[in-house]
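Let's take a walk through this structure together. Have the sequence and the 3D view open, and follow along.

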Amino acid sequence: MEKQGTGLRNNLKFIVDQNVGKLAKWLRIMGYDSTFFNGSNDSHMVAIALKEGRIILTKDTQIMKRRVITSGRLKAIFIETDEPEQQMRQLIKSLNLDCWFRPFALCLECNQPLVERSKEEVKDLVPPYVFQTQNQYMECPACHRIYWRGTHWRAMTRRLEQLVECSKL
Ligand SMILES: [Zn+2]
């Protein structure tokens with residue numbers, strides 16, 4: 001009986017309203033598929049959420065009053081604070097998210113699944129000191145950013161762990 005409910009938790013996908021837009025990047029760091037919605041038409045956001053099975057994250061009380069949400073047909077989470085780290089804490093606690101769900105799975109900018117690249121393939125694409133010290137690389141097929149487990153990434157994941165004390169793994 002280990003990790004009960006993991007299957008359900010793993011299936012979570014999100015659509016992030018622009019009023020809580022910073023959440024998208026944090027969720028992608030953890031590996032949760034998170035679309036950023038930058039339109040102004042709430043009905044459009046609701047339609048995408050229904051079609052793609054995404055949970056809406058928002059600070060908009062009007063959206064929370066919609067029948068599709070109050071009836072439970074579509075899940076939405078009302079984010080209570082303006083402060084991104086507090087927002088993340090609320091979200092991780094309320095949905096029991098896993099900080100180490102799928103590290104390095106998604107592009108932080110465009111939410112695309114990353115593709116593994118060999119060290120030789122990225123030789124001319126990363127700074128020399130990175131090439132010397134890192135052996136694992138991932139590339140975004142959409143924007144072609146190269147990712148590695150450098151200091152910036154480590155600092156962000158450590159911050160996440162501190163936020164929610166989810167370093168149990
Ligand atoms: Zn990308």
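**A metal site, a cavity and a pocket**

The zinc ion sits in a tetrahedral site, with angles of 105 to 121° among its four donor atoms. Keep in mind as you look around that this is a predicted model.

Which residues hold the zinc ion? The SG atoms of Cys107, Cys110, Cys140 and Cys143 do the job, at 2.1 to 2.3 Å. If you trace these donors along the chain, you'll find the spacing C-x2-C-x29-C-x2-C. Cysteine 107 belongs to the loop between helix H6 (84-95) and strand S5 (115-117), while cysteine 143 belongs to the loop between strand S6 (137-139) and strand S7 (146-147), so this pair ties together parts that are 36 residues apart in sequence.

Are these two cysteines buried or exposed? Cysteine 107 has 0% relative accessibility, so cysteine 107 counts as buried. Cysteine 143, with a relative accessible area of 29%, is partly exposed.

Now for the empty spaces. Rolling a probe the size of a water molecule over the atoms shows where such space is left. Here there is one cavity of 30 Å³ or more, and the volume of the largest cavity is about 40 Å³. What lines it? You can pick out Arg28, Ile29, Phe104, Ala105, Leu106, Leu108, Leu114, Tyr147 and Trp153 around the largest cavity. That lining is made up of eight nonpolar residues, one charged residue and no polar ones.

Next, the open kind of space. The largest pocket holds about 330 Å³. Its lining has 15 residues, and those nearest the centre of the pocket are Trp148, Gly150, Thr151, His152 and Trp153. H7, S7 and helix H8 (151-164) are the elements that give two or more residues to this lining. Which of the elements gives the most? That's H8, with four residues. By type, the lining of the largest pocket splits into seven nonpolar, five polar and three charged residues. Trp153 is worth a second look, as this residue turns up in the lining of the largest cavity and in the list nearest the centre of the largest pocket.

One last stop is proline 128, which is placed in helix H7 (residues 128-133). With 62% relative accessibility, proline 128 counts as exposed. Now look for proline 141, 13 residues away along the chain: the C-alpha atoms of proline 128 and proline 141 are separated by 22 Å.

Methods. Residues numbered from 1 in each chain as written. Predicted model: local features only at pLDDT ≥ 70, side-chain atom pairs only at ≥ 80, totals over all residues. Heavy atoms only, no water. Donors = N, O, S within 2.8 Å, 3.2 Å for Na, K, Ca; no water. Tetrahedral: all angles 85-135°; square planar, octahedral: opposite > 155°, others 65-115°. Buried < 20%, exposed > 50% of the residue type's maximum accessible area, 1.4 Å probe, protein only. 1 Å grid on protein atoms, 1.4 Å probe; cavity = no way out; pocket = protein on both sides within 12 Å on 5 of 7 lines; lining within 4 Å. Points joined across faces, edges and corners; volume = space filled by probe spheres on them. Nonpolar A, V, L, I, M, F, W, Y, C, P; charged D, E, K, R; others polar.
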